[in-house]
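Trainee: Could you take a close look at the largest pocket for me? I would like to know what lines it, and how the parts around it are arranged.

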Amino acid sequence: MTTDTESTPPPLPNVSTTKEYDGIGRIPFLLGLLGISFASTGLELYSSGSLLPSLLALVLSFVLVIARLRNIGANSWLSLLILAPLLNLYLVFRCLVEPEGYQDTKQLDKAGNIASLIIGYTLFVTVIAVLVIVVKSIM
């Protein structure tokens with residue numbers, strides 16, 4: 001004859017069901033991009049035509065994007081999009097908008113929605129301004 005205490009399994013240890021993501025978040029990514037931009041611009045002013053500041057900025061950008069893609073949960077090979085014109089803008093947009101673990105949830109958080117609206121509005125205004133300038137130069 002068995003009792004209730006014999007038939008119940010032992011309790012499981014404290015195991016978290018949330019997945020941990022390494023890498024960096026959106027704010028450190030943005031600050032890193034700004035830092036790379038300012039540093040490479042400053043170095044180019046003092047390097048008298050050297051290619052070193054641009055190569056250094058490219059390598060640091062790869063490191064930054066790979067860290068951010070890991071945080072999103074995306075494949076690190078997407079960092080190669082840095083080398084493709086216009087696709088690099090898409091990659092930076094994703095890195096700025098998508099929250100940690102986005103590849104698993106496929107849902108933006110409030111900050112991601114706000115960032116996508118700001119970036120989308122800025123892109124829209126930029127395209128309209130360029131079109132106005134082009135049309136005025138033709139006429």
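Mentor: What follows starts with the whole chain, goes on to the pocket, and then follows the lining residues and helices outwards.

This is a predicted model. The protein has 139 residues, of which 24% count as buried. Its secondary structure consists of six helices and zero strands, so the order from the N terminus reads α-α-α-α-α-α.

The largest pocket has a volume of about 280 Å³. Its lining is made by L86, L89, Y90, V92, F93, L96, I119, G120 and L123. Two helices, α4 (87-97) and α6 (110-138), each supply at least two of these residues. The largest contribution comes from α4, which gives five residues. By character, the lining splits into eight nonpolar residues and one polar residue, with no charged residue. The polar one is G120, because glycine is counted in the polar class here.

Two lining residues deserve a separate look. The first to consider is L86, which sits in the loop between α3 (52-72) and α4. L86 counts as exposed because its relative accessibility is 66%, and the cut-off for that class is over 50%. The backbone of L86 has a phi near 70 degrees, a positive value in a residue other than glycine. For context, most residues other than glycine have a negative phi. K106 also has a positive phi, about 55 degrees, and is not a glycine. K106 belongs to the loop between α5 and α6.

The other lining residue to consider is L123, in helix α6. With a relative accessible area of 56%, L123 is exposed. Besides lining the pocket, L123 is part of a nonpolar surface patch of about 770 Å². The other members of this patch are Y121, F124, V125, V127, I128, L131 and V132. L123 therefore appears both in the pocket lining and in the patch, whose members must have over 30% relative accessible area.

Charged contacts come next. A search of the whole structure finds two salt bridges. In one of them, the side chains of R94 and E98 meet at 2.9 Å, N to O. Both R94 and E98 are buried. In the other, the side chains of D109 and R26 meet at 2.7 Å, N to O. This pair links distant parts of the chain, with D109 in the loop between α5 (102-105) and α6, R26 in helix α2 (residues 26-46), and their positions 83 residues apart. The two partners fall into separate classes of exposure: D109 is partly exposed because its relative accessible area is 29%, while R26 is buried because its value is 18%, under the 20% cut-off.

One further pairing of remote positions involves E20, found in the loop between α1 (4-7) and α2. E20 and G73 are 53 residues apart in sequence, and their C-alpha atoms are 9.8 Å apart in space. E20 counts as exposed because its relative accessibility is 68%.

To return to the request, the pocket draws on α4 and α6, each with at least two lining residues, and its lining includes eight nonpolar residues.

Terms used: Residues are numbered from 1 along each chain as its sequence is written. This is a predicted model: local features need pLDDT of at least 70, side-chain atom pairs count only at pLDDT 80 or more; totals for chains, interfaces and linings use all residues. Side-chain values use heavy atoms; hydrogens and water are left out. On a 1 Å grid over the protein atoms alone, a cavity is a set of points where a 1.4 Å probe fits but cannot get out, and a pocket is an open set with protein on both sides within 12 Å along at least five of seven lines; lining residues have an atom within 4 Å of a point. Grid points are joined across faces, edges and corners, and a volume is the space filled by probe spheres set on the points. Helices (H or I, at least four residues) and strands (E, at least two) are DSSP runs, numbered from the N terminus. A salt bridge is a side-chain nitrogen of Lys or Arg within 4 Å of a carboxyl oxygen of Asp or Glu. Buried means under 20% relative accessible area, exposed over 50%, partly exposed in between (1.4 Å probe, protein chains only). Patches are made of residues with over 30% relative accessible area and no salt bridge: like charges are joined within 9 Å, nonpolar side chains (Val, Leu, Ile, Met, Phe, Trp, Tyr) within 5 Å. Accessible areas come from the Shrake-Rupley method with a 1.4 Å probe; for residues, only the protein chains shown count as cover.
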